[in-house]
Every structure is written in structure tokens, then in C-alpha cells.
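Please open the model in a viewer and keep the selection panel at hand. The tour below proceeds by selection, with a description of what is found at each stop.

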Amino acid sequence: MVFTLALRNLLHDRVRLAVTLIGILFSIVLVAVQLGLYLGSSRMITANIARSNADLIVTTFGAKSFEDGGLLLGDRERHQALATPGVESVVPLVVAFAEWRKPEGGSSRVVLIGSDADDQGLLPWGLIQGSVEDIKAPDAIAVDSTYLSELGVNGIGDTAQAAGGRVKIRALTEGIRSFTQSPYAYTTLNRARQLLGADDDKSTFLLVKLAPGANITEVQKDLGHRLDSADVLTKDEFESRSLKQWLFRTGAGLALIGGAILGSLVGTVIVAQTLYSSTKDHIHEFATLRALGSSRGYIYKVILAQAGLSAIMGYVLGMAIALLILYLSRNSSLPLVMTPGLAFWLFALTLFMCAISALSAIVKVTKIDPATVFAR
Amino acid sequence: MTTTPVMQADNIVKELGAGAGLVVAVKGVSLELVPGELTLLMGPSGSGKTTLLSILGCIMKPTSGSIRIADTKIDGLSAEELAKVRRDHLGFIFQSYNLFPTLNAIENVRIALDVRGVKGFAATSRSEEVLREVGLGHRLTNYPRNLSGGEQQRVAVARAIASSPSIVLADEPTAALDSENGHAVMALLSRIAKEQHRSVLAVTHDPRTLGYADRVVRIEDGRIVGEERRPEGIDSPEITDLTKRRKLHA
Ligand SMILES: Nc1ncnc2c1ncn2[C@@H]1O[C@H](COP(=O)(O)OP(=O)(O)O)[C@@H](O)[C@H]1O
Ligand SMILES: [Mg+2]
């Protein structure tokens with residue numbers, strides 16, 4: 001009966017129900033978009049690190065992000081790393097911003113990534129045309145299909161200038177987006193060094209694989225001592241460093257999280273308002289219930305059920321719209337991301353929002369005087 | 001009759017309002033209710049009937065005086081404990097029915113069982129049963145807006161007796177009804193008292209209700225000023241010389 005009464009109370013006033021649902025819906029969509037953008041951005045920022053075949057990553061001292069390593073590590077560091085107990089292999093990786101000159105004129109920037117297919121260090125993924133073998137050809141490069149027009153090319157076979165030399169598109173990927181909006185361009189280790197004019201032992205990162213059974217924390221510490229001008233990070237540590245750089249130093253992440261908080265506040269206020277006015281309208285019924293002997297808890301349950309039912313309806317509508325926006329954003333340069341985890345937390349947030357909203361209504365019914373039932 | 005009271009109110013005083021607006025609505029009322037009787041509490045408007053009924057119904061706390069229900073003293077109980085006393089012993093009928101507009105007849109009765117923890121099939125079948133008892137077997141799924149005033153009040157009566165309370169309290173149950181429906185509801189209350197052996201107290205200032213009473217308690221200005229009882233053995237509604245008897249006493 002609690003749910004029956006709650007549902008009937010909600011359906012009794014359709015306009016108010018519509019306002020409630022729109023309030024929740026707006027909140028959910030806003031929060032889903034903000035957090036979806038946040039997740040989408042995070043994934044873009046960390047994708048290359050996550051894809052790197054490494055247990056530990058050696059960066060130059062203080063490197064703030066994946067794109068920010070310079071080309072300072074050389075053979076000395078590589079040999080020192082290799083000589084460290086517990087280290088099985090050390091693979092150099094080159095990452096650097098480079099100027100990209102379009103064939104038809106004009107220029108933009110790319111992030112050049114140099115890694116050898118045979119080393120299995122960091123290879124482009126999501127290939128839709130060409131293969132990693134094709135990238136071994138002279139001047140070959142792989143870019144993401146999303147950015148073709150920005151790069152002023154049409155597809156496989158087109159050539160352009162990257163930093164100091166000519167490159168030819170030999171493979172295309174799908175879904176490798178760049179948070180900096182400078183597309184990633186994958187080539188071989190040596191070609192990357194040549195294009196960037198770097199010595200042929202230089203690299204941005206050293207990808208360290210551990211020997212079976214080695215203790216990662218000990219090796220990390222040991223490497224840290226040996227390589228005093230470098231940082232030795234786990235993938236997780238490097239990912240959070242990059243996130244910190246791009247999302248928090250730039251304020252982008254704060255804007256997204258702030259938007260999400262604002263969205264849930266607005267939703268809470270709207271739901272609190274409608275729930276309170278609904279309770280006020282039904283106050284005489286609640287007083288009757290109380291006179292009939294219902295406990296206070298029973299009445300709270302009715303109000304919480306009203307809040308919960310609104311939450312479920314609002315969530316379903318909100319998610320439907322959020323998923324639609326997600327679908328529409330799939331080919332944009334900043335696609336939204338929705339995960340089961342995020343969907344779950346959004347639902348928890350909706351319930352929490354509605355529970356908080358119920359507080360003012362609950363305070364209202366707590367003050368009900370059942371004696372008012374006779375006064376009508 | 002060999003009945004022990006189900007309710008004993010002793011020297012009830014109730015002050016309402018405060019300061020200059022202070023009103024002593026009930027000024028030392030003592031009253032007993034026994035099972036199997038329909039008692040009418042009659043008096044002019046403002047004489048304290050509703051206030052007294054609220055106190056007897058454990059809805060309002062008296063300023064002083066004490067109340068026993070089924071041999072339990074209820075003085076000093078908390079609001080939640082009083083709610084439990086209402087669940088366990090009391091049924092209410094109101095002048096304006098106080099049905100839930102969004103619930104149909106059977107649901108309106110069920111909710112009174114629901115707050116008492118009676119749910120599911122037991123609640124549904126009991127609700128049907130009492131609605132049939134009040135003659136609404138053909139109106140089970142009607143909503144209040146599709147019921148006449150008399151029918152609505154009968155739903156309210158069904159709701160009041162669904163949990164088999166020992167005491168049923170009614171505040172002006174016929175005031176909003178036409179003569180025919182008023183008589184039907186009073187007959188129903190009388191039957192509930194007699195056949196189900198409950199104690200029914202109805203507040204009224206409607207003289208049409210007199211014929212159904214086993215006992216009439218007169219209240220004026222917060223005090224009981226007279227009490228008459230139907231003579232033993234006479235139970236026809238036509239015997240309404242209670243008023244005459246009162247005049248003789250006066
Ligand atoms: N909340 C209140 N505050 C002050 N006075 C009240 C209040 N409620 C009722 N009264 C007064 O108490 C007296 C008794 O009221 P009530 O019990 O409603 O009378 P009845 O039901 O017999 O008409 C009346 O004089 C009324 O004005
Ligand atoms: Mg009254």
C-alpha cells in the first residue's frame with residue numbers, strides 16, 4: 001500500500017510530476033554529460049600510456065604528461081635500466097609534438113610517436129586500413145581517421161611533412177582521439193628520431209618489463225636510485241600524472257566536475273520543491289493516516305517511496321537522453337563515455353538526490369497534528 | 001449487562017489556545033464506555049464534543065485527567081505509543097469521511113489494515129468482507145469521487161471496523177448526509193455495537209440520531225450535564241422518549 005499510495009499521489013498531479021521528472025532528467029543528463037566528458041577526456045589522456053607494453057615507465061625527471069617528456073633519455077639510461085636486477089627488457093619510446101605541414105599548404109600540430117613493431121612497445125590500435133607491418137616502410141605513418149581533414153589529407157597514400165621530413169600515410173586507425181587536439185601520428189622509432197632531428201639513441205620514455213617473479217616496488221625503487229635524472233613510474237602513476245596535468249592544471253576537469261555538482265544541486269532543489277508541495281497538498285491525508293494509527297515511519301515511507309519512484313522514472317528518462325547524446329557524440333573529437341560503473345553511480349546519485357529532497361517534506365509531516373482530521 | 005468498560009476517562013480537562021485566547025474546552029469530564037453500546041455525545045456547537053472525542057481517541061493529550069483503555073493507562077504515552085493504542089483499540093469515522101481520493105473503496109479499507117501490518121490476501125479479503133457488511137459489495141473498486149456521500153461514509157465505517165477495534169469513535173457521522181443516508185449510517189453504527197459487541201461513541205447534534213442510541217450523554221460548555229439510557233428490553237428505534245425522560249428529570 002505504501003507504493004500504491006505513493007504512486008497515486010505522484011500521478012494525481014501530472015503537472016507536478018512532469019516538473020519533477022524534468023528536474024531529475026536535466027540533472028541526470030547534465031551530470032552524465034559532464035562526467036561522460038570527464039571519463040572520455042581521461043581515456044583520451046591515458047589511452048597511450050594504458051596501451052604501452054610496460055610494467056614501469058622511465059621518464060625524464062618531472063615529465064608532466066605523456067606529451068611532455070622531451071627527448072632526453074639515451075643509451076646511458078637504457079643500459080643502467082637493463083643492468084638493474086629484476087628488469088627483463090627496456091624498450092625506448094619517442095613521443096613529441098611536431099609541426100605538420102599539409103600537402104595543400106597550412107600547418108597544424110601532431111604528437112609523433114615512434115615505436116618499433118618488433119619491440120611491441122606502443123603500437124597504434126584500432127587499425128581500419130593498413131597494418132603495423134605497413135608502418136615499417138620508409139616514411140610510413142599511421143594517423144586516426146577522425147583527424148584526416150584537420151591534417152589536410154584524404155587517406156592512405158597521401159603525403160605530408162612532419163617536423164623535418166616527408167611522411168606517407170600507410171595505415172588508418174579509428175578511435176584514437178587526442179585530448180590536446182593534436183592528433184597522434186605513429187611511426188617507427190628511428191623515423192621519429194630522424195624527423196625530430198634527435199640523436200639515434202635518444203628517446204622520451206623507456207618502457208621497462210620486469211622479469212617473472214620480480215617485485216615491482218623494489219625494482220621501481222632500485223631504478224629510481226640508479227637513474228637520478230629520471231622518474232620511474234608505474235603505469236597508474238603516470239596516468240594520474242597526465243590526468244593531473246591536462247584535467248586539473250588546465251582547469252578543464254574542475255569545470256566538468258563543477259558542472260556535474262551544479263547539475264545535481266539543481267535537480268535536488270527542483271525535486272525537493274515539488275515533493276514538498278506535493279506533501280503539503282496531501283497533508284490532510286497524511287494526518288488521516290496518522291489518526292488511523294500509522295506510525296511516523298509509515299508516512300516517511302510513503303514520502304520516500306514518492307521520492308524513489310520519481311528517481312527511477314527520472315533516471316530512466318535521463319539515461320535514455322544521455323545515451324542518445326552519447327551516441328550522437330561518438331564521432332566527435334571529444335566523445336562521451338558511459339560505463340556500467342558510471343550508470344550505477346548516476347543511479348545512486350539520483351536516489352541520493354531524491355532522498356535529500358525528501359528531507360523537507362519529511363520535516364513537514366513530522367509536524368502533522370492528527371487532531372486536524374476533525375477540523376474540516 | 002455484565003460488561004466491564006473498555007474505556008474509562010476520569011476528570012478530563014483540556015485547555016486550548018494560550019494567553020488571552022485560552023479556552024478550557026473540556027472541564028472535568030468523566031465517562032465510561034462499555035462494549036455492545038452505541039453512545040451519543042450530544043451538545044451544542046462549541047460545547048467541546050470534538051475536543052473530548054480527540055482526547056478519548058488518543059489523538060489529543062488532555063491537560064489533566066486520566067484515560068484507561070482495555071485496562072491500560074495511557075497517560076504520558078509518547079506520540080508513537082499513542083498511535084499504537086489507536087492501531088490496537090480504536091476505529092475512527094469523520095464528518096467529512098476523510099477517504100483517500102486516489103484510492104478506491106477496497107484500497108481505502110486496506111490502508112487501515114496496512115498501517116497495522118496486515119497485508120496481502122488477508123488484507124484484501126478482510127476489506128471485501130467489511131465492505132460487504134456495510135452493503136458496498138457492489139462498489140469495491142469505485143473511487144470516492146464515484147460514490148455518493150452515504151456510500152463514502154459507509155466506506156469510512158468499513159475502514160473503521162476492518163481491524164476489529166473494541167472502540168469506534170465517530171465525529172458528526174451524519175452531519176454531511178441527507179436523512180435517508182443519515183439513518184442508514186446510524187443503523188449501521190448501532191448494528192456494529194450490538195452484533196459485533198463493540199463500543200461505539202458518536203458525537204452529534206443531529207436529533208435524527210437519537211432513536212439509535214443506547215445511551216445519550218449531554219455536554220454543554222465542556223461539562224457533562226445529563227445522561228440517559230434506553231430502558232432495558234426496549235430496542236425499537238421508534239422508542240425515542242429519551243428526550244422526554246430528560247425533560248422529566250430536569
Ligand atoms: N485549537 C484551538 N484553539 C483554541 N480554541 C479552540 C481550538 N479548538 C477548539 N477551540 C474551542 O474549544 C471549544 C470546543 O470546541 P470543539 O470541541 O470543536 O466543540 P464542538 O465539537 O462541540 O463544536 C470551542 O469554544 C472552540 O472554539
Ligand atoms: Mg465538533
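A residue is called buried when its relative accessible area is under 20%. The model on display is predicted.

**First stop: an enclosed helix in chain A.** Select helix H8 of chain A, residues 283-291. Which residues of H8(A) are buried? They are His284(A), Glu285(A), Phe286(A), Ala287(A), Thr288(A), Leu289(A), Arg290(A) and Ala291(A). Because 8 of the 9 residues of this helix are buried, H8(A) is largely enclosed by the rest of the structure. Next, select Gly293(A), just after H8(A), where phi is positive at about 110°.

**Second stop: two packed helices in chain A.** Display helix H2 (residues 14-51) together with helix H6 (residues 235-249), both of chain A. Two packed helices are described by the angle between their axes and the distance between the axes. For H2(A) and H6(A), the angle is about 135° and the axes are 9 Å apart. H2(A) is therefore oblique to H6(A), and the crossing of the two is right-handed. To view the contact, show side chains on both helices: the residues of H2(A) that take part include Tyr38(A), Ser41(A), Ile45(A) and Ile49(A). On the H6(A) side, the residues met include Phe238(A), Ser242(A), Leu243(A) and Trp246(A).

**Third stop: Gln34(A).** Remain on helix H2 of chain A and select Gln34(A). Is Gln34(A) buried or exposed? Its relative accessibility is 16%, so it counts as buried. Leaving out residues up to four places away in sequence, Gln34(A) touches Ala255(A), Leu256(A), Gly259(A) and Ala260(A). A distance label between the C-alpha atoms of Gln34(A) and Ile257(A) should read 6.8 Å, although 223 residues separate the two along the chain.

**Fourth stop: two loops with positive phi.** Most residues other than glycine have a negative phi. Select Gln120(A), a residue other than glycine with a positive phi near 55°. Gln120(A) belongs to the loop between strand E3 (107-114) and strand E4 (127-129) of chain A; at 47% relative accessibility, Gln120(A) counts as partly exposed. Then move to Ala163(A), in the loop between strand E6 (159-162) and strand E7 (165-173) of chain A. Ala163(A) is not a glycine either, yet its phi is positive, at about 50°.

**Fifth stop: the sheet of chain B.** In chain B, select the open sheet of 4 strands, whose order is E2-E1-E4-E5 with antiparallel pairing. Its edge strands, each pairing on one side only, are E2 (23-33) and E5 (72-73) of chain B. Within the sheet, 5 bridges join E1 (residues 7-16) to E4 (residues 64-69) of chain B. Helix H1 of chain B, residues 49-56, packs on the sheet and touches E1, E2 and E4 of chain B. The direction of H1(B) makes about 125° with that of E1(B). One residue to locate on the sheet is Val13(B), which stands opposite Ser64(B) in E4(B).

**Sixth stop: Glu107(B), where the chains meet.** Select Glu107(B) in helix H3 of chain B, residues 105-114. Glu107(B) is buried, with a relative accessible area of 12%. Apart from neighbours within four places in sequence, Glu107(B) is in contact with Met1(A), Thr4(A) and Arg8(A) of chain A, and with Thr102(B) and Tyr143(B) of chain B.

**Last stop: cysteines.** Select Cys354(A), buried at a relative accessible area of 1%, and Cys58(B), buried with 1%. How many disulfides are there over all chains? The count is 0.

Conventions:
Residues numbered from 1 in each chain as written. Chains lettered and ligands numbered in written order. Predicted model: local features only at pLDDT ≥ 70, side-chain atom pairs only at ≥ 80, totals over all residues. Heavy atoms only, no water. Pairing = 2+ DSSP bridges. Contact = heavy atoms within 4.5 Å. Axes fitted to C-alpha atoms, helices over the stretch in contact; angles between N-to-C directions. Disulfide = S-S within 2.5 Å. Buried < 20%, exposed > 50% of the residue type's maximum accessible area, 1.4 Å probe, protein only. Parallel < 35°, antiparallel > 145°, perpendicular 65-115°, else oblique. Left-handed = near helix turned anticlockwise from the far one by under 90°.
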